[in-house]
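Let's take a friendly walk through a protein model and the molecule it holds. Have a look at the picture first, and then read on.

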Amino acid sequence: MRILVTGGAGFIGSNFVRYMLKMRPDVEVANFDALTYAGNLENLNGLENEPRYCFVKGSVASDEDVEKALAGKAFNAIVNFAAETHVDRSLTDVRPFIRTNVVGAQVLLDACRKHGVKRFLQVSTDEVYGSLGPTGEFTESSPIQPNNPYAATKASADFLARAAHKSHGLDVAITRCSNNFGPYQFPEKLIPLMIANALEDKPLPVYGDGLHTRDWLYAWDHCSAIDLVLRLAAPGSVYNIGGHKDVPNIEVVKLLLKLVGKPESLIRFVQDRPGHDRRYAMNCDRIRRDLGWLPAHSFEDALRATVKWYLDNPAWRARARSGEYQRYYEKMYGRRPPAKNG
Ligand code: NAD
Ligand code: DAU
């Protein structure tokens with residue numbers, strides 16, 4: 001099987017490239033990535049001499065780049081991870097999100113039809129469902145109600161993928177996953193940001209009252225689910241993926257502080273994110289029933305392994321947090337006032 005993985009230099013994409021090369025000896029992987037601030041070829045260190053792997057630089061939003069990557073290659077599938085992924089950035093400027101997440105998805109769908117790529121797997125998110133109250137879970141039939149610009153672009157891509165299946169008979173599958181964590185996650189996201197700040201004795205900025213809740217899944221377990229969906233799911237199917245581990249942010253932050261041996265006095269409650277979804281929780285009965293998927297790692301063990309990875313990779317951390325990141329951090333957190341209700 002020959003697959004094109006888009007966004008394979010990012011966090012989950014690079015884990016997925018590693019997962020497929022390790023677990024599926026019959027699979028060849030081409031990694032197609034624009035190398036934005038979030039894409040880092042260091043995430044793929046060690047694969048340089050792997051004959052079943054190659055890297056192609058290009059943007060999913062460019063017909064020309066995608067055409068060059070696909071022409072004459074006879075890919076069996078595209079797995080689309082490429083995206084602008086950070087909610088806070090989408091609140092400042094949504095245009096790059098529309099280009100990559102929406103236009104890019106359509107460029108890939110058109111290219112699949114043109115080049116006879118059999119399967120298109122759209123890697124989507126629980127955020128397309130919006131927010132939950134204190135109880136309940138999202139199922140695959142929950143209404144699509146995105147609340148932030150990032151989520152709206154991901155929902156748009158889901159609709160375009162669905163339409164390509166319904167109108168043109170393209171073999172599309174969509175996965176909607178909850179919050180991932182693990183090695184290679186860019187330190188703008190909650191868990192790596194808190195680990196990196198704590199290690200440098202910097203304040204840990206918790207939005208609002210810290211009781212917003214996310215359902216956490218180790219990225220490697222997300223990869224095993226995508227692999228199953230890629231190979232076994234029926235055309236047009238949608239699968240929720242999650243860790244069954246919904247934890248309020250403040251508890252995650254306190255757990256991380258304990259793991260790195262730093263005091264809770266580093267915590268700062270800061271002004272909330274606008275439109276901040278209160279709670280996500282995923283019902284994953286469908287993927288367990290149809291494909292036999294379950295996460296293999298407990299939240300606590302995976303969090304410990306993740307902290308160890310960031311401790312063991314100070315050079316990766318330092319490079320990720322240099323340059324553009326410093327400007328971003330100053331803009332996002334520099335003048336953020338304390339939370340009213342924190
Ligand atoms: P990331 O931000 O770490 O990586 C995104 C990658 O996409 C980077 O390598 C970047 O260079 C690449 N990219 C961006 N624009 C591109 C373009 N125009 N053309 C080609 N490549 C481009 O993202 P992530 O957290 O690994 O997320 C990967 C996918 O999984 C995204 O589609 C995201 O919506 C989805 N997802 C993420 C999570 C999560 O918790 N991180 C959960 C559910 C779903
Ligand atoms: O749910 C899946 C989604 O998870 C993915 O689709 C997104 O690509 C991914 O970025 C992630 O979105 P979130 O907004 O949930 O992740 P983030 O790590 O930005 O924030 C997690 C929670 O922590 C959220 O409630 C906001 C809060 N937070 C985040 C940051 C960066 C803070 O309290 N302080 C922070 O500094």
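## Around ligand 2

In this predicted model, the shell around ligand 2 takes at least two residues from helix 6 (190-199) and at least two from strand 8 (204-207). There are 25 residues around ligand 2, and those that come nearest are Asp-126, Tyr-150, Asn-179, Arg-273 and Tyr-333. Sorted by kind, the shell has eleven nonpolar, eight polar and six charged residues.

Some side chains have a polar atom close to an oxygen atom of ligand 2. Here are three of these pairs:

| Residue | Partner | Distance |
|---|---|---|
| Thr-125 | oxygen atom of ligand 2 | 2.7 Å |
| Glu-127 | oxygen atom of ligand 2 | 2.9 Å |
| Asn-249 | oxygen atom of ligand 2 | 2.9 Å |

On its own, ligand 2 has 690 Å² of accessible area, and the protein covers 94% of it.

## The nonpolar cores

Now let's turn to the protein's interior. The largest nonpolar core has 45 residues, and the ones that touch the most other members are Ile-3, Phe-16, Val-29 and Ile-287. Several elements each give this core at least two residues, including strand 1 (2-6), helix 1 (11-23), strand 5 (119-125) and helix 9 (285-291).

Which residues does Val-29 touch, not counting residues up to four places away in sequence? They are Ile-3, Val-5, Val-17, Met-20, Leu-21, Arg-52, Tyr-53 and Cys-54.

Apart from the largest core lies another one, of 36 residues. Among its members are Tyr-184, Leu-193, Val-252 and Val-253.

Methods:
Residues numbered from 1 in each chain as written. Chains lettered and ligands numbered in written order. Predicted model: local features only at pLDDT ≥ 70, side-chain atom pairs only at ≥ 80, totals over all residues. Heavy atoms only, no water. Near = heavy atom within 4 Å. Polar contact = N/O pair within 3.5 Å; in protein donor to acceptor, adjacent residues only side chain to side chain. Areas by Shrake-Rupley, 256 points an atom, 1.4 Å probe, with all protein chains shown as cover. Helix = DSSP H or I, 4+ residues; strand = E, 2+ residues; numbered from the N terminus. Nonpolar A, V, L, I, M, F, W, Y, C, P; charged D, E, K, R; others polar. Core = buried A, V, L, I, M, F, W, Y, C linked by side-chain atoms within 4.5 Å. Buried < 20%, exposed > 50% of the residue type's maximum accessible area, 1.4 Å probe, protein only. Contact = heavy atoms within 4.5 Å.
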